[in-house]
Amino acid sequence: MVETDPLKARLLQELAHRSSPTARHVAAQRRLALLGTGLWLVLGTAAIGIRLGPRSFDSVLVELTVWLLAASLATGLILRSGGSALGYPRPWLLATALAIPPFLIAGLLLLDPFRLFCAPVSPKAHLGCLLTGLGLALGPLLGLLAARWRAVPTRPGYTGACIGAAAGSWAGLAMSLHCSVSEPLHLLVAHIAPVALLGLVGAIAGAAGLAPRMTPR
C-alpha cells in the first residue's frame, strides 16, 4: 500500500471542494495587478524626475537592459505556468531570486567597466537612493503579491522571494533613469542590495499570504 502524505492529501481535499476561479478571472486579476504596478512606476518615476547626468547613451542603455532583463525574467516566472498547474518548479523561483543580485553586479560592472573608475560619492547619496528605490519597489511588491495571493499551494515563500527580487528590479529600472551616479559602491549599496532585501521581505510575505487558506479542523 502506498502511503499518502497527510498534508498533501488534505490540500487536495480542500482544493477539490473549493470553487476554482476561472481562467478569465485569474487573467483579469493579474492584468489589474500589472496595471497597478506599471502605473506606480510611471508616476513614481515622474515624481522623482529623469536625470541622465553625465552618463553616455551607451551606459544608460546598458543599465536599462540589465535591469529590464532581471525584472522580466523574475516576473515571467511568477506569472506564467511553465506548462504545469502548479507553475514553474519552486526551486527555480528561489534560484532566480538568489541569482538576480549577482547577475546585476556582473551585468552593470562587466558590461560597463568604466564604472570602476568613477569617483566615490557621499553616504547621503547612498541613503537617498536606497529609500527612493524601496519606495518605488512598494508598488510592484504589492501588485505581484496580489496577483498570486492565496494561489501558490507549494512552497509559497519561494514565489514570494522571486516576487521581492522582481519588485526590486523594476524599481532599479526606474532608478536608472533618475540616478546618474555610476560609482560601483553606490550601485551595490543603494541599487542592488535592496533587491536582496526585498527578496527576503517577499519570502516572508509569500509564506504568510500566498498559500491557499485551509479550513481549520
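Start with helix α7: select residues 184–209 in this predicted model. This helix supplies the largest share of a nonpolar surface patch, three residues of it. To see the whole patch, show the side chains of Ile-105, Leu-185, Leu-188 and Val-189, which together make about 290 Å² of nonpolar surface.

Now pick out Leu-185, one of the patch members, which sits in α7. Buried, exposed or partly exposed: how does Leu-185 count? Its relative accessibility is 44%, so Leu-185 counts as partly exposed; that class lies between the 20% and 50% cut-offs.

Keep α7 on screen and go inside. What lines the largest cavity? Select Cys-129, Gly-133, Gly-168, Ala-171, Gly-172, Met-175, Ala-190, His-191, Pro-194 and Leu-198. Colour by element of secondary structure and you'll find that α5 (123–147), α6 (156–178) and α7 each give two or more residues to this lining. The space in there is about 60 Å³, and the count of cavities of 30 Å³ or more comes to one.

Next, jump to Arg-55 and Glu-63. These two form a salt bridge, and their closest N and O atoms are 2.9 Å apart. Don't go hunting for others, since the structure holds one salt bridge. Is the pair buried or exposed? Arg-55 is buried, and Glu-63 is buried as well.

While you're in this part of the sequence, select helix α3, residues 57–79, and find Ser-59 in it. Ser-59 has a relative accessibility of 8%, so it counts as buried, the cut-off being under 20%. Which residues does Ser-59 touch, leaving out those up to four places away in sequence? Show Asp-112 and Arg-115: Ser-59 is in contact with both.

Finally, zoom out and switch to a cartoon view. How many helices and strands are there? You should see seven helices and zero strands, running α-α-α-α-α-α-α from the N terminus on. Of the 217 residues in the protein, 41% are buried.

Two more numbers to keep with the full view. Among contacts with a separation of 6 or more, 89% are between residues 24 or more positions apart. Turn on the surface for the other one: the accessible area comes to about 11,900 Å², and carbon and sulfur atoms account for 72% of it.

Conventions:
Residues are numbered from 1 along each chain as its sequence is written. This is a predicted model: local features need pLDDT of at least 70, side-chain atom pairs count only at pLDDT 80 or more; totals for chains, interfaces and linings use all residues. Side-chain values use heavy atoms; hydrogens and water are left out. Helices (H or I, at least four residues) and strands (E, at least two) are DSSP runs, numbered from the N terminus. Buried means under 20% relative accessible area, exposed over 50%, partly exposed in between (1.4 Å probe, protein chains only). Contact means heavy atoms within 4.5 Å. Patches are made of residues with over 30% relative accessible area and no salt bridge: like charges are joined within 9 Å, nonpolar side chains (Val, Leu, Ile, Met, Phe, Trp, Tyr) within 5 Å. Accessible areas come from the Shrake-Rupley method with a 1.4 Å probe; for residues, only the protein chains shown count as cover. A salt bridge is a side-chain nitrogen of Lys or Arg within 4 Å of a carboxyl oxygen of Asp or Glu. On a 1 Å grid over the protein atoms alone, a cavity is a set of points where a 1.4 Å probe fits but cannot get out, and a pocket is an open set with protein on both sides within 12 Å along at least five of seven lines; lining residues have an atom within 4 Å of a point. Grid points are joined across faces, edges and corners, and a volume is the space filled by probe spheres set on the points.
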